[in-house]
Amino acid sequence: MSDNAAARGDMSTCSVSKGCFVFKPSTKKRKLSQSTAHDFGIRNDDSEDTELRFVTCQSLWNQIKSETEKVQEDLNKQLLDNLMNFLSRFHSEFQEKTAEWTCRMKFREIPTAALVLGVNVTDHDLTFRSVSDFLQNNITPYIALLEAKDCPGIKNLMQKLMGQLMNCYVDVDSLEDEDYVQVSQNRIRCSMSSLIKWYESVTKKTDSETPSKKRTTSTHWQSPPVVVIFKDMESFTTKVLQDFIVICSQHIHELPLVLIFGIATSPMIIHRLLPHSVSSLLCIELFQSLSCKDHLSTIIDKLLLTAQFPFKLGEKVLQVLINIFLYHDFSVQNFIKGFQLCIVEHFYSQPLSVLCCQLADLQKRVHSLSHDQCENIRRLPSFRRYVEEQESGKQVALLTTDNFLKEETQKLLEDLHVYHENYVSVLRCLHVFTSSLPKYPLGKQIRELHCACLENQVWETEEYESSLQLARMLNKSDLVTMLQQCMEILLSSSGKEFDKTVEKLKKFLTEFENLEAEAFQEQDVSISSQKELQKKTDLYHLQKTLLELKESRRSKKLTKFEMLRFEVVDYIDSLVRKYLVPADRRTLHEILYFNTAAVLRGHLNAAPRTALHTALNNPHWYLKNQALKCDGGSISNKAPDICIVYKLHLECGRLINLVDWLEAFSTVVMAGEEPNADTASSDQMDDIIHARFIRAVSELELLGFIKPSKQKTDHVARLTWGGC
Amino acid sequence: MSRSEGSGGGRRRVLQVKFVPDEEVLKHIADDTGIKVRKDKPQPSISLKRFVKKLENISDDEPQEILEEKNYVATLGICTQDPMGNGTSVSGGEVYSFQAPKRSSKMAELASELAHTPEQSVAPDHSKGPGKTAKTPQSSKHSSSNKEQLRSKKKEFVSTTPYRLRKRLAAPDSCLESESEYSASCSEEEDEEDQQEVSTVLSGQKTPAKTKAAPTPPPRNSLAKKNKEEKMSNLMEEYFEAHSSSKVLTSDRTLQKLRKRRLNQETLRDLLTKAPLAYAAEIKELNQQHESLFSKWMLQLHLGFNIVLYGLGSKRDLLEKFRTSLLQDSVHLVVNGYFPSITVRSILNSITEEVLDHIGTFRSPLDQLEFITKRFKEDPSLELYVLIHNLDSQMLRGERSQQILAQLSSLPSIYLIASIDHINAPLMWDQAKLSLYNWLWYETTTFSPYVEETSYENSLLVQQSGSLALSSLTHVLRSLTPNARGIFRLLAQYQLEKKDNPSYPGLSFQDFYQQCREAFLVNSDLTLRAQLTEFRDHKLIRTKRGADGVEYLLIPVDDSTLTDFLENQDEDA
């Protein structure tokens, strides 16, 4: 593997002696850091905007990234505080050597925190990183993060543990005695006693250090605990865990050890993995992290239902992302990754995305649009729809005068921003109502409501109708609290249009209060009737009065409360109709909303087997040749060899006789090539067909449809079934 | 990835719904209510959701859950139009489901059918002619004219069925014939172990027979118009039929009997270069479509994604083109995953030794990985593009290798672009690895032949071991005493004499001893045994014990090589 292919000057990557080829261009030729923006522009003709588009894209993504990190941090705060309390409690006990501590020492119990993190394993890394950062900054420099895949045996575990602990010692302290540590790490025997010795020497050193040096460790506690984190507790082998715990418990009085278990399933797993004799050596406290569903809701709330970012997701795209989350991985990280892809895809494929920016920059950008870009705007379907609605004079101006178009574009985009702001506020209000209805006809989560509203005009759906019906049956106290919530939402929104709405809601609320006063008066009547009821003991009379009561209630007009309730619901309905128009009805929505779900799905949730299946069964899908066009399940005999061979093999059972297969293949191929069958010598023809057959069969083997079989000579085994 | 194909039983039910819509549902409705339903298909503008709802109203026997999952399929956008024309219009379970019983002659039938399908108005007998006559002489060595007649007769009776399937397929008259024809072939018993093996491959799909997807009945099958329930029970029966028998019902013909049995690698390559590539223009067009994405790939690689290519056809040329057009000025590593002795170790070695110019060895790949990680983190100007052809190859598909590669690819300044081909390739990755890889999937169906990828493979039909075995045979034999050579020669000659006997067990030790004595090659069975031990150590012979406890000796080399060997020996002598 030593010969460098580039050095030899030939660039071939075919070889029978090696499989890896490194190409190193000479240093002067090498571009040090290729600008990524360069890749952005190759595709499009309007090169003046690509740079700007790329910059916008990057800055937007960075904003979003920092936002998600902030969300993550906030969500973890509770967990981290709890952990901190837990650690400090044990630490103070250890320092003061309280009675409790001595008691625990007698039983040799190791303080243990069990973090229940949920099944979204891919998100755990981030949580652990923040945990270890937090501990490192606030409590102790001695942290070891262990993963099951690194620790197949107790020896590896100890090795890994000591390696990490001693390395972190180097990081914290000055680097002057690096050599010493480097050497010792290699030579030190991996045992608990050496670990303890190391701990003693380290703590003594920090104690005796000069104050100037101590600043690095100043945030840490005196004789800080050693924290060992098991990232994926479930994947560790039982034996390793058991041994480690037993060994540690023997030394717990010398070494203030704290274990943290990361658990994906349920806390029960500890007892299933460890026998009682071992688990009794642990003093376990349980910590629950936020569920991934809540995490997602927060993320959606902060990223999508906000006016902070100009970029928005269309209905289909959002649906795809949410479905991947719910049906495949529960991973918030993947959701964010999908979101990132959407941003990149939008800015890459939509030249007008240059206008997808903050309102402050909008005017400048609109006015610097080139003529081509103006043409791009005119080509947008939503814009064409808009033009058709205008009177003829304006139509001409829009289609011919660039400057007028720019003015109009700016206005429309500003409208779109305002629309989104209002949309979000009203959506939240509607959610206040729908989320408390029985059976949740419009969904429990705001994201479901959001999707429904984006998909089409929500007030035309049956679900909306039924939720209004249900809302008309709400009781007063619920209604009042909901109205109050709505008012808060509208007040906090930045939209200016809601002054009137707030007024109206206030009016409703005062009317409800007035009702209460009136109700007192009415109450007397009802109480008296009630009393009458109680007086009668006769069954016949009771029935009669009840019937009378019912009659009177039916005939009675609606009470004031009911009237008011109807009014409130109708008002909410009018708000919905006004503000929750689906985004794709708005002019120029293409600029701010990303809606190509197919691309997203293809990249994130691909179906390689289906693609293979289609290619083999229906080559015409890819190769647009008339000869290949065939209806139904059959294929033409002119199809590529591999398709024919595949089709033939579908007719076989578990084993396939190669000779029969070959014969069938040649029958088909000969028929396909009828015209020149006579001219070419049949012998050579035969050989070629044979060779083509061999190639097709070995390709099928590579694809995993068949494998060689020793059961019978010249047979192969089939590995897939079904299909045609 | 396999996610969307799903392997749960529930998902497979979805298929039935998916499969039903166009005609079956309408038929079903028409049968039930007697109302004439318009035959037009649901308008594309009507969302699938709504269509399903309609279905719910009409037929109560469809369980609710199906509808919900149907919604899921609909919302995932299977029905959305795709500009690139990805072949995703088929839903998962239609693709690969259970094994169903197959008639042994179906392949020949389909072949003749395919041969006439298109507009060519050739009479059946005529077009069957050339195919036949081209083949018959090859198997004539075995005085098979009689058999051949039988075969052609069999082809006329289109469906020859084992009696077990008689009730399903009505073709009783040819039953007896097919029995006699295939009596020999039934001799091979499939052992339990292999069945296991097959089923483990299918393990993801092992769910009760009820949930099995309906295989489309072959077009000429008259039973196609069956009621749904009947079909269901039939499916069940078919399932158990397919799994009950341990017999292998295939013909006994072997490649040995064909005149041109095996081609060697070079002739194969020559022949294939002679054969013109079909649909070159269309394939070129496909490739151009993919090539237009190169700059996008670069962008996405730089933004922290890694790219994986899938789809039928070799993606090697495409990646090579990507490499030569865009990576000329940057450090990059090309890994041929299909190379038979590639290891993760060698990949890591080429990174540490050639990219990082590090001299020295590492205790384990994990250490090496750690070193690489550290170096790349220390030096932000260091960038490396890694291209892996066939990430799913035999040598790299192991869990540990994938873990290491995934960790490697998760480094921000290492850009990975890889291709996969195996249908089960996505099963290599669990959620943790997937998130490390951070894949973006690209469908790049190229239809180009897998020339390089299969060139290393020990293909079934390619005579590969031949020349190698021959040279090793002569080499070893040359270092032996003349007597030993004679002993081996005897055995080889005897084996060649018996080559037409498929059940030849080998030469028994006693007989062999007798022959050797007669040829004055050994004087006691001890010397013979010593000699045989030496042969066995060099893997020249194999011994096995027969049912009667007798030891049989066999040379594990195919007959043609053995013939060549004897000829060579004759020349030498």
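Q: What makes a run of residues count as a helix or a strand in this predicted model?
A: A helix is a DSSP run of H or I with at least four residues, and a strand is a run of E with at least two. By that rule, chain B has 26 helices and 10 strands.

Q: How many helices and strands does chain A have?
A: Chain A contains 32 helices and 11 strands. Each of them counts because its run reaches the required length, at least four residues for a helix and at least two for a strand.

Q: What makes a residue of chain A count as buried, and what percentage of the chain does so?
A: A residue is called buried when its relative accessible area is under 20%. In chain A, 54% of the 724 residues count as buried, so these residues fall under that cut-off.

Q: What percentage of chain B is buried?
A: Of the 573 residues in chain B, 50% are buried. Their relative accessible area is therefore under 20%.

Q: Why are residues far apart in sequence said to be in contact in chain A?
A: Contact requires heavy atoms within 4.5 Å, so separation in sequence does not enter the definition. Among contacts in chain A between residues at least 6 apart, 74% join residues at least 24 apart. In chain B, residues 24 or more positions apart account for 72% of the contacts with a separation of 6 or more.

Q: Where do the domains of chain B lie?
A: The domain assignment gives domain 1 as 280-443 and domain 2 as 466-572. Their centres, taken over C-alpha atoms, are separated by 49 Å.

Key:
Residues are numbered from 1 along each chain as its sequence is written. Chains are lettered from A and ligands numbered from 1 in the order in which they are written. This is a predicted model: local features need pLDDT of at least 70, side-chain atom pairs count only at pLDDT 80 or more; totals for chains, interfaces and linings use all residues. Side-chain values use heavy atoms; hydrogens and water are left out. Buried means under 20% relative accessible area, exposed over 50%, partly exposed in between (1.4 Å probe, protein chains only). Domain bounds come from an automatic or database domain assignment.
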